[in-house]
Amino acid sequence: MKREQYTILNEKESMAEELILRIKRMFSEIENTQTSASAYDTAWVAMVPSLDSSQQPQFPQCLSWIIDNQLLDGSWGIPYLIIKDRLCHTLACVIALRKWNAGNQNVETGLRFLRENIEGIVHEDEYTPIGFQIIFPAMLEEARGLGLELPYDLTPIKLMLTHREKIMKGKAIDHMHEYDSSLIYTVEGIHKIVDWNKVLKHQNKDGSLFNSPSATACALMHTRKSNCLEYLSSMLQKLGNGVPSVYPINLYARISMIDRLQRLGLARHFRNEIIHALDDIYRYWMQKETSREGKSLTPDIVSTSIAFMLLRLHGYDVPADVFCCYDLHSIEQSGEAVTAMLSLYRASQIMFPGETILEEIKTVSRKYLDKRKENGGIYDHNIVMKDLRGEVEYALSVPWYASLERIENRRYIDQYGVNDTWIAKTSYKIPCISNDLFLALAKQDYNICQAIQQKELRELERWFADNKFSHLNFARQKLIYCYFSAAATLFSPELSAARVVWAKNGVITTVVDDFFDVGGSSEEIHSFVEAVRVWDEAATDGLSENVQILFSALYNTVDEIVQQAFVFQGRDISIHLREIWYRLVNSMMTEAQWARTHCLPSMHEYMENAEPSIALEPIVLSSLYFVGPKLSEEIICHPEYYNLMHLLNICGRLLNDIQGCKREAHQGKLNSVTLYMEENSGTTMEDAIVYLRKTIDESRQLLLKEVLRPSIVPRECKQLHWNMMRILQLFYLKNDGFTSPTEMLGYVNAVIVDPIL
């Protein structure tokens, strides 16, 4: 790398370190996190009369906030968002000011904005505040009672008031034995006609109604309950004069903050903070499960889905039955249906064997998202996101278990919205979730890692040339794909040695596979296998150039890896690596003999030999020594390691066979698809593929469970097996992407070549 490139890289690293420190401070302040202040909720809190004197406000500081935060056009709320939201904020503020005869000039400019924009109440927006048809007409009646001059005879207002009456008759509140949660959440719109004893049954332990300051303020006005007062007072004492739309929000903020950092590829910078936060979330979850409140983390399915996914992927014991209490049909009817179903679909794929509830959720959520995609309706009424459509389309096209981490990071950096807005009764933002800071660090970090990877690739290209692989005309030239598979999964700068070892072994296994398939004669194959057995460079003297090139590259590369591993591990691993390679070439020779003699093995014999011949062991097992933990011989020889490799090999072989079955059948080569058909007469190729895909799914789920459960094998090492699983799933998702010269190029360029601007 040139000196000026080093200078630029060092400057980027310094900037990234500063951003990391700022985000760490955000973690330390998460308990005090809040949404953006809501003029609507501030107004409702400002309306509360003093418990000592009904002629004075209980919270006069809220009136000051309203006066100080009016926009230039006379409105309140988030500028340039949906008109219904602005109208809601503005009408509430005008009512609060007039009630206490404060800010007369603010009232006049607010009324002017309302009169000029009131017809916006009938706009057919994609985004509509929750309960707007109930709350806004009720506030219009409040405004009329206060003598505020608005065009009450305007047709849209009359229609809205009439529509509200029909809604209220349909709900038949007077005859309700219990109020449902959606009704209580919008209690400001019905506060004059409800039975407050029934309402207070929904009160949280902190005194709030569904963490809604506006609903709680309304309850305080009518009931004078001390715990409502304590909730609002403590909130203002902690947050200042402006009232948020939701309080507290720290649990949701923690969950979402971790999720976004992980999806942006930044989680490794905040390992301690994330584990501390997840410990707290898991502790809270367990308290909920053992209480009478039920097993779900929150009433919010999005939070529960993300938390389930994060906790399970970090090794916490979270059962799938947390989803049993949710009604999927009601979720489909909600204002966040797409976001909720996308979260469920993502969570459902973190599935262990036998979890039928997740299988059902996966089917239902996938069907719903497919339908919304077909109808062109990928949006939510209650969330404004930068690229929800893009998130959904990618999730539907690439399953989670086939999506490589760096590809996900790249896409999410493009999709991440710094101005994402949530719309409840009014709109709000959550700065600790959507902000410029995360995006700036994600871009810096991605480009820093990519620059390091580009340097590594140049060094690998020299290694490739030095070993004369291009002289082997029969061999596929797959260096870029082999390195891409490492860079897309082991992208941290400190994992450089692991990436290089992974890529080198990937190249050599590919070339050796081609040698056994098409490049070597029977005599050359036997000579090569013997050379690997004795592990002596002199064993290739007098043999063909192909055999000499192959064995020399293998011998020198393994020797180099052994020396590097001694630095990492403090011990000699040469015997282990030589055993891996000998096992591989022996299995490949067996396959070559079967093909040349037209021998038809049983399915059991084929799979037993196919496990090593799929050539994953040299790549994964060699790289284990370079991901951090010291690995004793006891760990390396532990049965769990064999089981992890066994499950991975099954999936790799069957995925490869399914995509290559037609071509290999034409070439007369052995394949598990044709062998299954042979052993099960009357079975079609489609039947065989369905059966083998089921085997793949079962093995993949078992592998995931093994990777995530605590055990003697370090998690970093088990993760390599899962990384390889995801690589295989992506390469063989649609066809044989590894053999194809173009199928993966878009992904390769995104990860290694094209920086983020």
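**A colleague's note on the helix packing and the small sheet**

1. Helix 17 and helix 18 are oblique to each other. Their packing angle is about 125°, and an angle counts as oblique because it falls outside the ranges under 35, 65 to 115 and over 145 degrees. The two axes lie 11 Å apart, with helix 17 covering residues 356-374 and helix 18 covering residues 388-397. Please keep in mind throughout that this is a predicted model.

2. Staying with this pair, helix 17 crosses helix 18 in the left-handed sense. On the helix 17 side the contact is made by Arg366, Leu369, Asp370 and Lys373, and on the helix 18 side by Val392, Glu393 and Leu396. Sorted by class, that contact has three nonpolar and four charged residues, with no polar ones.

3. A second helix pair is worth a look next. Helix 29 (residues 639-667) packs with helix 31 (residues 685-708) at an angle of about 155°, and their axes are 9 Å apart. Helix 29 and helix 31 are therefore roughly antiparallel to each other, since the cut-off for that term is an angle over 145 degrees.

4. For helix 29 and helix 31, too, you can check the handedness and the make-up. Helix 29 passes helix 31 in a left-handed crossing. By class, the contact between helix 29 and helix 31 has 16 nonpolar residues, along with four polar and five charged ones.

5. Now to the sheet. Three strands form an open sheet in the order 1-2-3, and the pairing is antiparallel. Strand 1 (383-384) and strand 3 (427-428) are the edge strands, each of them pairing on one side only. As general background, strands of a sheet pair through backbone hydrogen bonds, either parallel or antiparallel.

6. Within that sheet, strand 2 (residues 421-423) and strand 3 pair over two bridges in the antiparallel sense. If you would like a spot to zoom in on, Trp422 stands opposite Tyr428 in strand 3.

7. Finally, the overall picture. The protein has 33 helices and three strands. Its C-alpha atoms fill a box of roughly 105 × 65 × 45 Å along the principal axes. Of the 757 residues in the protein, 57% are buried. Among contacts with a separation of 6 or more, 72% are between residues 24 or more positions apart.

Key:
Residues numbered from 1 in each chain as written. Predicted model: local features only at pLDDT ≥ 70, side-chain atom pairs only at ≥ 80, totals over all residues. Heavy atoms only, no water. Axes fitted to C-alpha atoms, helices over the stretch in contact; angles between N-to-C directions. Helix = DSSP H or I, 4+ residues; strand = E, 2+ residues; numbered from the N terminus. Left-handed = near helix turned anticlockwise from the far one by under 90°. Nonpolar A, V, L, I, M, F, W, Y, C, P; charged D, E, K, R; others polar. Pairing = 2+ DSSP bridges. Buried < 20%, exposed > 50% of the residue type's maximum accessible area, 1.4 Å probe, protein only. Contact = heavy atoms within 4.5 Å.
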